[in-house]
Amino acid sequence: MQQTIQTNLKRLKNFIGFAKSYLIRKNPIKTFVNDTVAIIKDMLSINKKRKLAKYRLNYQMYKLNQMEKLIAANNDHVFLRGNKFNEMR
């Protein structure tokens with residue numbers, strides 16, 4: 001009986017040691033707090049990120065429109081341009 005109690009106490013002591021080591025290594029409370037702070041920062045900076053994405057999109061659309069205008073200006077198949085139309089008459 002006494003040996004069984006000692007074995008169980010030894011196992012309990014080992015388990016508590018492993019649990020303590022895990023909590024020191026991983027520290028779930030600290031991880032939870034850090035994750036919560038990161039989520040709050042993301043939520044507060046989402047408007048800034050949206051504005052930046054909108055700016056990038058508008059810049060890409062501007063570049064696309066410039067490229068389309070250049071292609072249209074140098075395209076021989078556009079028959080209603082001013083000089084080509086006058087030469088055809």
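Q: Which residues does a surface patch consist of, and within what distance are nonpolar side chains joined?

A: A patch is made of residues with over 30% relative accessible area and no salt bridge, and nonpolar side chains are joined within 5 Å. In this predicted model, Met 1, Ile 5, Leu 9, Leu 12, Phe 15 and Ile 16 make a nonpolar surface patch of about 690 Å².

Q: Where is Ile 5 found, and what is its relative accessible area?

A: Ile 5 belongs to helix H1, which covers residues 2-26. Its relative accessible area is 43%, so Ile 5 is partly exposed. A general idea helps with reading a helix: an α-helix has 3.6 residues a turn, so residues three or four places apart point the same way.

Q: How far apart are the end C-alpha atoms of H1?

A: The end C-alpha atoms of H1 are 36 Å apart. This agrees with the expected span, because 25 residues at 1.5 Å a residue should also give 36 Å.

Q: How many helices and strands are there in the protein chain?

A: The protein chain has four helices and zero strands. Along the sequence, this reads as the pattern α-α-α-α. Of the 89 residues in the chain, 0% are buried. The accessible surface comes to about 9100 Å², and carbon and sulfur atoms account for 63% of that surface.

Q: Where is Asn 27 placed, and what is its phi?

A: As a general guide, most residues other than glycine have a negative phi. Asn 27 has a positive phi near 45°, although this residue is not glycine. Asn 27 lies just after H1, in the loop between H1 and helix H2 (28-44). With a relative accessibility of 31%, Asn 27 counts as partly exposed.

Q: Which residue forms a salt bridge with Lys 49?

A: A salt bridge requires a side-chain nitrogen of Lys or Arg within 4 Å of a carboxyl oxygen of Asp or Glu. Lys 49 forms a salt bridge with Asp 42, and their closest N and O atoms are 3.4 Å apart. The count by this rule is one salt bridge. Lys 49 is partly exposed at 47% relative accessible area, and Asp 42 is partly exposed at 43%.

Q: Which element of the protein chain has the lowest mean pLDDT, and which the highest?

A: Where pLDDT is low, the predicted coordinates should not be read in detail. Among the elements, helix H4 (residues 82-88) has the lowest mean pLDDT, 54, and H2 has the highest, 95. For the protein chain, the mean pLDDT is 87, with 84% of its residues reaching 70 or more.

Terms used:
Residues are numbered from 1 along each chain as its sequence is written. This is a predicted model: local features need pLDDT of at least 70, side-chain atom pairs count only at pLDDT 80 or more; totals for chains, interfaces and linings use all residues. Side-chain values use heavy atoms; hydrogens and water are left out. Patches are made of residues with over 30% relative accessible area and no salt bridge: like charges are joined within 9 Å, nonpolar side chains (Val, Leu, Ile, Met, Phe, Trp, Tyr) within 5 Å. Accessible areas come from the Shrake-Rupley method with a 1.4 Å probe; for residues, only the protein chains shown count as cover. Helices (H or I, at least four residues) and strands (E, at least two) are DSSP runs, numbered from the N terminus. Buried means under 20% relative accessible area, exposed over 50%, partly exposed in between (1.4 Å probe, protein chains only). The expected span of a helix is 1.5 Å times one less than its number of residues. pLDDT is the predictor's confidence in each residue, from 0 to 100.
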